[in-house]
Amino acid sequence: MPAIPFRTEVRGTPELATIELHGDINVAAEAGLHAAYADVAALDAGAVLLDFTDTEYINSTGIALIVRLLADARRDRREVRACGLSPHYVEIFQITRLSDYMQIFDDQASASARAAGVAVSTGGER
């Protein structure tokens, strides 16, 4: 199966910036992911949400890129959240312990409600 080209969209506020991830996260995603995090830093966002809704495949290099983003966020004292992960990747994030360093939500609405301090009663937070 051919790789789906990677691209990002960044939007948000100083409280929560969202990086929408589109395509496969592999070595070809390195520059785009780095640039997206730089955009988040320019917003001076207190938290960043990685939206994996439009991501079907993450290889080991992609996991390493996410670890690097987590390290950058930790250095910058920026909270990291994730949403839109398939059940398979939720399990991978648990096995690799990435979930120890980020909260995982079902969707952007759940993660945004958390940012606003609103309780999520639907079980959207994992």
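**View 1. Helix H2 lies across three strands of the predicted model.** Residues 60-75 form helix H2. The strands it crosses are E2, E3 (47-54) and E4 (79-83). Relative to E4, H2 runs at about 145°.

**View 2. Five strands form an open sheet.** The strand order is E1-E2-E3-E4-E5, and the pairing is mixed. Strand E1 (7-12) and strand E5 (103-105) each have a single partner strand, so they stand at the edges with one side lacking a neighbour in the sheet. On average, neighbouring strands of this sheet are turned by 20° against each other, direction ignored.

**View 3. Strands E1 and E2 run antiparallel.** Strand E2 covers residues 16-22 and is joined to E1 by 6 bridges. Glu9 has its bridge partner in E2, where that partner is Glu20.

**View 4. Helix H1 spans residues 30-43.** From the first C-alpha to the last, the 14 residues of H1 reach 20 Å, close to the 20 Å expected at 1.5 Å a residue. Just after H1 comes Asp44, with a positive phi of about 55°.

**View 5. Helix H1 has buried residues and, on its other side, exposed ones.** Leu33, Ala36, Tyr37 and Val40 are the buried residues of H1. They lie on the same side of the helix because the arc they cover around the axis is only 95°. An α-helix has 3.6 residues a turn, so residues three or four places apart point the same way. The cover over the buried residues of H1 includes E1, E2, E3 and H2. Ala31 and Ala42, on the other side of H1, are exposed.

Notes:
Residues are numbered from 1 along each chain as its sequence is written. This is a predicted model: local features need pLDDT of at least 70, side-chain atom pairs count only at pLDDT 80 or more; totals for chains, interfaces and linings use all residues. Side-chain values use heavy atoms; hydrogens and water are left out. Two strands pair if DSSP finds at least two bridges between them. Helices (H or I, at least four residues) and strands (E, at least two) are DSSP runs, numbered from the N terminus. Axes are lines fitted to C-alpha atoms, for helices over the stretch in contact, and angles run from 0 to 180 degrees between N-to-C directions. Contact means heavy atoms within 4.5 Å. The expected span of a helix is 1.5 Å times one less than its number of residues. Buried means under 20% relative accessible area, exposed over 50%, partly exposed in between (1.4 Å probe, protein chains only). The arc is that of the directions from the helix axis to the C-beta atoms.
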